[in-house]
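Please look over the following report, which moves from a pair of facing residues to the strand that holds one of them, and then to the loop ahead of that strand.

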Amino acid sequence: MKIRIFVSVLIVAVVGTIFLLKSNDNGGSVMADTQKINSNKKVLIAYFSTRYFDDITAKFADTLAKATGADLFEIKPAKPYTIADLDLTNKKSRSSVEMADINSRPKIANKVVDMNKYDVIFVGFPIWRDREPSIIDTFMESYDFSGKQVVPFSISAGSGMIHVMSSSCCYVVFITSGSSGMGKSGSIMQKLAPKAKVDSGNRFLSSSVSENDLKSWASKWL
Ligand SMILES: Cc1cc2nc3c(=O)[nH]c(=O)nc-3n(C[C@H](O)[C@H](O)[C@H](O)COP(=O)(O)O)c2cc1C
């Protein structure tokens, strides 16, 4: 059996660690004091997660929903991503092709039942090639976000943490999003939904932020 070994650039881990130490993102170190959310605003947490990496984004979105009392919506790709699709080292992999094309719009399988009723929408995703995955662009163009507050967020499971994935044909080594911040995600999403108010968002440096800290962070928009 032919075995192919794909190794992501490990230097990114080192550079990422240095970047993180110097980063002024407030991820991970959100305000310590607990605040009660006392708001009539209707809140939705919409997120995309590959679910190949310990469900990082999914778990975080779940905690954020509990912290804010929000509804939860998982953005599911019409065609689920395989491990090979996520291969960063292959220029022809699905994710590489999609991310190289700013107009790529992978189809979404499901739909938010009534987007109209929400005032604030938190949109979570893994950072792919320094920005939001293309499927988030599809999401932003799928609804009328007029007058709504949109808050992007992303999570790093730990600086330079390495995940080794295997399938019948290959091994793929990934590094969690420690090297990149939110990049231009917020401004790209704002262009796609010009009538919304899109925040630049936040990259959290740890997936183990407490409900109280998330309450405190989210209260700015609630
Ligand atoms: C196609 C692809 C591109 C990625 N690009 C970046 C990147 O530019 N910067 C970064 O810090 N992490 C990057 N990562 C790592 C992901 O952000 C990381 O796997 C994410 O935390 C996983 O979240 P999930 O389990 O919710 O999918 C990339 C991962 C994939 C699969």
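## Across from Ala46

In this predicted model, Ala46 of strand β2 stands opposite Val123 in β4. Ala46 also stands opposite Phe73, which belongs to β3. Between β2 and β3 the chain passes through helix α2, residues 56–68, and this β-α-β crossover is right-handed.

## Strand β2 and its partners

Strand β2 covers residues 43–47 and is mostly covered, since five of its five residues are buried. Their directions can be split into two sets: Val43, Ile45 and Tyr47 point one way from the strand, whereas Leu44 and Ala46 point the other way, and all are buried. In a regular strand, side chains alternate between the two faces of the sheet.

The pairing of β2 extends to two strands. With β4, residues 120–124, β2 is joined by five bridges, and the two run parallel. With β3, residues 71–74, β2 is joined by four bridges, and this pair likewise runs parallel.

## The loop ahead of β2

Two residues of the loop between α1 and β2 are considered here, namely Lys42 and Ser39. Helix α1 itself covers residues 11–22. Is Lys42 buried, exposed or partly exposed, and what is its count of C-beta neighbours inside 10 Å? Lys42 counts as partly exposed because it has 16 such neighbours, where a buried residue would need 20 or more and an exposed one 12 or fewer.

When residues up to four places away in sequence are not counted, Lys42 touches Lys117, Tyr118 and Asp119. In space, Lys42 is 9.1 Å from Gly69, C-alpha to C-alpha, although the two are 27 residues apart in sequence.

Ser39 also counts as partly exposed, because 15 C-beta neighbours lie inside 10 Å. The separation between Ser39 and Trp221 is 182 residues in sequence, while their C-alpha atoms are 9.5 Å apart in space.

## The chain as a whole

The chain contains six helices and nine strands. Of its 222 residues, 40% count as buried, and the five residues of β2 are buried too. If one takes the contacts in the chain between residues at least 6 apart in sequence, 79% of them join residues at least 24 apart.

Notes:
Residues numbered from 1 in each chain as written. Predicted model: local features only at pLDDT ≥ 70, side-chain atom pairs only at ≥ 80, totals over all residues. Contact = placed C-beta atoms within 7 Å. Pairing = 2+ DSSP bridges. Right-handed = clockwise from strand over helix to strand, strands pointing away.
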